[in-house]
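Reader: Please take one part of this model, the packing of its helices against one another, and go through it closely, pair by pair. I would like every term given with its cut-offs.

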Amino acid sequence: MHLIQVDSVQRWMEDLKLMTDCECMCILQSKPISVEKDEQNELILSSQYSTCDNLQLLLKRAWIISTELTRIAQKLEKNRWQRVHSMTVRVNCHVHSMINEYNTFTRSSSEEMHQLEKLLIDKCSEFTAFTERCLQTEDEEILKSMKSCVNETLTTVAQYFGQLIELILTQEAQNLLRQIELSGSLYITESAISGLFSLAQEGAHLCRIIAKEGGVVALFKICRQDCFRCLYPQTLRTLASICCVEEGMHELEKVDGILCLTDILTDTSHSEATHAEAAAVIAQITSPHLTFTQHLSSFLENMEEIVTALVKLCQEASSGEVFLLASAALANITFFDTMACEILLQLNAMKILLAACSDKRVVDTPYSRDQVVTILANMSVLDQCASEIIQGNGVQLLMEMLFEKSSSGNPAEAAACERVQQKSAVTLARLSRDPEVADAAVKLSCIPRLIKLCRSPTERNNSDSVLVACLAALRRLAAMSPDGLEDTDFQQLVKPRLVDSFLLCTNMEESFV
C-alpha cells in the first residue's frame with residue numbers, strides 16, 4: 001500500500017506542472033521574447049543537450065491531451081455540459097502550450113506542419129466556442145441537436161491532433177536519421193543514436209515510424225564502419241528495440257542484417273558488450289511470441305555460426321546480464337528451428353549450460369534459469385540428450401528448479417519462477433522415458449516434490465500450467481517406478497484421466513470458512 005501511495009504521489013507531482021494554470025501558461029508562452037542574434041545562438045546551443053527531454057515533455061503533453069479528449073467523449077455521452085466545456089478549455093490551452101513548446105525547441109518546421117498546427121488551433125477554438133454556447137442553452141431539444149455537431153467537432157479535433165503528433169514524431173525521426181547519415185562526428189552520431197533509442201522506447205508505433213523512415217538501414221550502416229566501433233553496443237541496442245515490429249524485421253532482412261550480426265558475433269576482436277548486444281538483437285528477432293519471423297530465410301543459412309558464437313558467449317560470460325542475453329537468444333533459436341538443438345548437442349552446450357547454473361555470478365536470477373531450462377526442455381526431445389543430462393548432474397539441477405520461488409514478490413519475477421517450475425517438470429517428463437534418468441529422479445526424491453506441487457497451490461503460485469506439467473512428469477515417473485507413490489496419490493494423481501486429476505488439484509484451495 002505504501003508503494004502504491006508513493007507511486008501515485010510521484011505521478012501527481014510529475015503531472016502537476018502540466019496540469020495547473022493552463023490558461024496562464026498559454027498566455028505567457030504566446031508572448032514573444034526578443035533576443036539578440038548572438039544570445040539566440042547561445043540559447044539554441046545550450047538547449048541541444050535536452051532535445052530528448054523536450055521530446056519526452058511533448059509526448060507527455062500529448063498523452064494528457066489524448067486522455068482529456070477521451071474523457072470529454074465520456075462526459076458528452078452523459079450530457080454533463082459544464083464538465084465538457086471546462087475540459088474543452090483545458091484541452092485548448094494544452095494544445096497551445098504543446099505547439100509553443102515544440103516550436104521553441106525545434107529548429108525547422110515544414111509548411112505542412114504549420115498548416116496542421118493552424119487547423120488544430122482553429123478547430124480547438126471552434127470547439128471551445130461551441131461547448132460554451134451549449135452551456136448557455138437550457139432547451140433539451142436544442143442541446144440534443146447540437147450534440148451530434150459537438151461529437152463531430154471532437155472527432156475532427158482528435159483527428160487533427162493525431163495527424164500533428166504523427167508528423168512531429170516523423171520529423172524528429174527524420175532529423176535524427178539525417179544527423180546519422182550526414183555527420184562524421186562521433187559525438188553527433190552518438191547523440192542521434194541515443195535520441196533514436198529514446199524514441200523507440202515510446203512503443204511499437206514509434207518503432208514503425210523509425211523503421212519506415214530508414215532507421216534500420218542507417219543503424220546497420222553504422223555497424224559496418226570500423227570508425228564507429230565504440231558505438232556498436234548502443235547501435236545494436238537501438239536495433240533490438242526497433243526490430244520488435246514487423247516493419248523493422250522486413251528492413252533488417254532487406255539490408256542483410258543477419259549476415260552483419262553473424263560477422264559481429266563471430267569476430268573475436270569485438271568487445272563482450274558488443275557481442276552481448278548483438279545477441280539481444282538475435283533474441284528479439286527470433287522471439288517465439290512474434291508471428292512474423294518466418295521470412296528470415298537468411299537466418300537458417302547462418303544459424304550454425306550464430307549458435308556456435310552464442311554458446312561461446314555463454315561459456316565466457318563475465319556477468320549475469322551477458323549470460324541472460326546470450327542464453328535468451330539460444331532459447332528462442334531452439335523454438336525457431338529444431339536443427340538448432342542438434343547443433344547445440346554437437347557443441348556440448350548442455351554441459352556448458354549446466355556448469356553455468358552452478359556459478360551464481362553468472363546465473364543469478366530466475367530469468368536466467370528460465371532461459372537455461374527452456375533450452376533443456378527443447379533439447380530433451382532428442383534421445384542423445386539423456387546421457388548428457390546424467391553426466392552433467394542435470395537431474396539434480398531440474399530438481400532444484402522445482403523449488404524455484406520469488407524472493408521479492410515482484411509479479412514479473414514470480415511469473416519467471418512459474419515458468420522455471422513448469423519447464424523443469426516438462427523436461428523431467430520428457431527425459432524420464434530413459435530408465436537411467438527416471439531412476440536418478442526417483443533417488444533425488446522428485447516424486448514427493450511433484451506431489452507437493454500438485455497438491456499445494458501456493459507451492460506453484462496457483463499456476464495451472466505448472467500443475468499440468470507436474471502431473472505429466474509424475475505419471476511418467478510413476479510408470480517407471482510405481483513403488484514410489486502411496487496408494488492415495490496413485491488413485492488421485494496418476495490413475496484418473498489427466499483432466500480429472502487436474503480438476504481435483506485445482507479444487508484443493510484452503511478454505512477459511
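Author: The axes of helix α5 (residues 81-105) and helix α7 (residues 140-182) come within 13 Å and cross at roughly 20°, where axes are lines fitted to C-alpha atoms, for helices over the stretch in contact, and angles run from 0 to 180 degrees between N-to-C directions. This is a predicted model, in which local features need pLDDT of at least 70 and side-chain atom pairs count only at pLDDT 80 or more, while totals for chains, interfaces and linings use all residues. Residues are numbered from 1 along each chain as its sequence is written, and side-chain values use heavy atoms, with hydrogens and water left out. The helices are DSSP runs (H or I, at least four residues), numbered from the N terminus.

At that angle α5 and α7 are therefore roughly parallel to each other, the term for angles under 35 degrees, with 65 to 115 counted as roughly perpendicular, over 145 as roughly antiparallel and the rest as oblique. Their crossing is left-handed (the near helix is turned anticlockwise from the far one by less than a right angle; clockwise would be right-handed). On the α5 side, W81, M98, I99, Y102 and F105 take part, and they meet L143, K147, V150, F161, L164, I165, I168, Q171 and E172 in α7, contact being heavy atoms within 4.5 Å. Sorted by class, the residues of this contact are 11 nonpolar, one polar and two charged, where Ala, Val, Leu, Ile, Met, Phe, Trp, Tyr, Cys and Pro count as nonpolar, Asp, Glu, Lys and Arg as charged, and the others, Gly among them, as polar.

Further along the chain, α15 (residues 297-316) and α17 (residues 339-346) pack with their axes 10 Å apart, at an angle of about 50°, which makes α15 oblique to α17. Here α15 passes α17 in a right-handed crossing. From α15 the contact draws on M303, E304, V307 and V311, and from α17 on M339, A340, I343 and L344; these residues divide into seven nonpolar, no polar and one charged.

Helix α17 also packs against α19 (366-379), and the axes of α17 and α19 come within 9 Å while crossing at roughly 105°, so the two helices are roughly perpendicular to each other. In this pair C341, L344 and L345 of α17 meet I375, N378 and M379 of α19, a set with five nonpolar, one polar and no charged residues. L344 thus has a place in the contact with α15 and in the contact with α19.

Two of the loops that join helices deserve a look at their backbone as well. In the loop between α20 (385-391) and α21 (394-401) lies N393, whose phi is near 60°, a positive value in a residue other than glycine. S445, found in the loop between α23 (435-443) and α24 (446-455), likewise has a positive phi, of about 65°, although it is not a glycine. Most residues other than glycine have a negative phi.
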